[in-house]
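Here are a few exercises to help you find your way around a new structure. Have a look at it first, then work through each solution at your own pace.

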Amino acid sequence: MVTYDDKGEIAVGEDLAQVLPGKSVLNIQFKSPESGTEERFLALVAASCPFLANTTFKRLTGSSAEKKLYEFGSTVLATCKPGYSFNQIDAQNTELVITCLTGGFWNVSQHCQKVICGDAPVVANGFVTRSSGVNYDSSANYKCMSGFLLNGPAIAMCQENGQWSTTPICSKVTCPAIPTTPHLTSDASDANNYNSVVNFSCDPGYTVDGSIKIFCGMDGKWSNPIPTCKEIKCVVPITSLYNTSDKAVPYQSVISFKCPKGFVIENMNKSTTGVTCNEGGNFDSPPKCEDYNECVVDPCKQNEVCTNTEGSHRCDCRTGFHRVNGVCTDIDECSTGMHLCEQICKNTEGSYQCDCKEGYMKHSVDITDLINNINVNNQMAVYCKKISCPTPMIPNTGNNMISPRHEYFYQDRVKYSCNFGYVVSGADTIICTSSGTWSYRPACKRATCKNIDATERNDVNMVSFEPQTNTIEFGDKVTIVCQGNVSRELICAYNRDKRVYELQGNTDKCPAPRCWPPILKNAVFASQPSTNVGSKFELVCEANYYVSGQSSQSDKFIRCQTNGLWDVGSLFCKEQRCRDPGTPGDSVQISSSYKLGSEVSYRCSKQGYTLTSTAPLKCVEINGVLLWDRTLPTCQDTEAPTISNCPTDPIYVDPLQQLTLPTLQVIDNSGIYQMLLPDNFNPSQVITKDETITITYKDFSGNQNSCVIQVKLRNRPQMKLTCPTDITMEEETTKLTLKDKIQGEHYVTLVVDPEEIIRDSKTIGKEILVKVHASNGTQTVNCSFYVHVKGKE
């Protein structure tokens, strides 16, 4: 025990250096007075200085051998290991005299560190592909650029002396020179450098044997061997057509080619030509022999036909001729019966001609396959058929044809008749002629009647008649004007008894002037009015009718005039009726009349619309006025919008999932509606609980329909979360990812704060709290733990 008081500066006790052996334990006790003065004790204890890495120690000459090299107070020579120095940029600074001071510190701050060689040297036409650093024992890998080869070591090292070892040299890649070869020519403009391309060709008459193009590769070798030139020769075909005994001839040699007798060279019209050996080792367009057509110059006699044969020709008699004493003579087919004519046969030179009688037409049929008669030179049978006429047209006013047929032939006759009131113009019969047409085109004209003759009529009361023509067409009228403006009408009609067209009607002579008994619709007569000229009566109407208009004398009297006509003017009996009640929108009016007692009803024209009242409107008399007994109904929309695809089953969603509502198919009879969503409902909101969503569609008449959608959360398993116990981040770990340390299941989101810890001056020696938060949308779980970052600040 060594005891110190607070005022002494020397240890109480013996000399410690002599008392303590090397591995002794020293207990030091400090005492201070009870007065509590401010003096304090300072004790500095050191046994030795620390070992220096990459350094060796040596005693100085003359120093005590009893003191250890690291012992307090010792002075030694420190020497750095090879590749290390006390000054990194000075590789020679490898020795230093140092002393172990009080407190266990060396008297220098320098330590042995790796010497620095600096950046790897630059190599011409090369580059560093990888470098491990600039300190001792670092390496640099070199590679040459394209077109250059690496000579020397590919790796340089940072040496003990602070210098890089020998670097490689990048030499330009070259290929061997192109040798001179007979008949071979090249375009080696780039000589033999890397990537240069050389094209080869041969002199005329020679072809390249090998590659016509080579290039210099990275390995300094040509891509293919140097080619040579080979002489071009054409092989002569084995045939007597070529005039040579050689089996092969050189380039550009010409040999003779000749076709056999009766043959010429194709497309040349001659039998001999020369063929040339071309640069491809073939003869230019080897000729072909084809038969020569001797018939082109017609070597045969009159009435003979030349037939070409292979290598020769033949002369035969023309069709319709036969050989008599070596001469081709015409055959008379008509006299010999060697013809196929039905009616008339006429002989012609080399053939014959068939004709038909008048009213017949020739028809030809090839019967070669039927008779195969070599004695008949024209095997086309000709028969004669009666000429037909087209079905005759019936005139627009014609009635029919008497005895009509399906077909009409030469000399057939057709008789016509006309519609009632018309007569045939000209003959009523037409004939089919030999030209295949009818003799003429029939026509129907309107029948006429003889007009009246005023002299023959001798009518003293007749004033005039119209028209004053000689004849009147069927159906037209003749008007006779009598005294007192009385008129009579005659019409041109058919008298079936007499079978003639004549004027018919009231043929009596004109009477003395008077008015006919009046005929007035809906009028009331107490007695039959007088019809004498100058008589009059007042117009009176039936019930529910009233007098409308006036006579020419502006009153309601009707007078018999001197012309035998009543002066009615604009007078008539008008029916009493209600006004048109109108038609409401989107409806249809159903009515037959607006007269007194009639009813009008309505129906709606649009689907889903209903009348406000179905009772009909009735025309009634109120205070002498015809009115409708009720107001018009209207059509109102009473049909709600239709939703065709409202889901009946619940829609299941995950917690916190955004809801996507189905697209509903909505139809409304009005075509206009609005969609109403629940208050505070957002279609894009996320779902956190079961929901009932009512979507309402409402038209502008207040009709509405709703779709109720049940939204339910899917059941999720129980969420689990486990944090580790406190973690120690060892010194060799530079970064720790904390999410990998968490164990759990069935969560949707996981938040770890912080997510990772990086070893640096801010975290070394600290305990860091890690908080973990997990959620599955319906529940949350938390846990935490500490991470101790091991090491000294």
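**Exercise 1. In which order do the four strands of the open sheet lie, and which strands stand at the edges?**

Solution. Keep in mind that this is a predicted model. Begin with the order: the open sheet runs S51-S52-S54-S55, with antiparallel pairing. Next, look for strands with a single partner: these are S51 (587-590) and S55 (625-628), so each has one side without a neighbour in the sheet and stands at an edge. Finally, follow the twist, which averages 25 degrees from one strand to the next.

**Exercise 2. Which residue in S52 is the bridge partner of Ile590?**

Solution. First find the pair of strands: S51 and S52 (residues 599-604) are joined in the antiparallel sense by four bridges. Then pick out the partner of Ile590 in S52, which is Ser601.

**Exercise 3. Is Val296 buried or exposed?**

Solution. Start by locating Val296: it sits in the loop between strand S24 (289-291) and strand S25 (304-309). Now take its relative accessible area, 64%. Exposed means over 50%, so Val296 is exposed. To finish, see what surrounds this choice: Val296 joins Tyr292 and Val297 in a nonpolar surface patch of about 300 Å².

**Exercise 4. How many helices and strands are there in the protein, and what percentage of its residues count as buried?**

Solution. Count the elements: the protein has four helices and 70 strands. Then turn to burial, where the cut-off is under 20% relative accessible area. Of the 793 residues, 30% count as buried. As for the surface, the protein exposes about 50800 Å², and 48% of that comes from carbon and sulfur atoms.

Terms used: Residues numbered from 1 in each chain as written. Predicted model: local features only at pLDDT ≥ 70, side-chain atom pairs only at ≥ 80, totals over all residues. Heavy atoms only, no water. Patch = residues over 30% accessible without salt bridge, like charges linked within 9 Å, V, L, I, M, F, W, Y side chains within 5 Å. Areas by Shrake-Rupley, 256 points an atom, 1.4 Å probe, with all protein chains shown as cover. Salt bridge = Lys/Arg side-chain N within 4 Å of Asp/Glu carboxyl O. Helix = DSSP H or I, 4+ residues; strand = E, 2+ residues; numbered from the N terminus. Buried < 20%, exposed > 50% of the residue type's maximum accessible area, 1.4 Å probe, protein only. Pairing = 2+ DSSP bridges. Axes fitted to C-alpha atoms, helices over the stretch in contact; angles between N-to-C directions.
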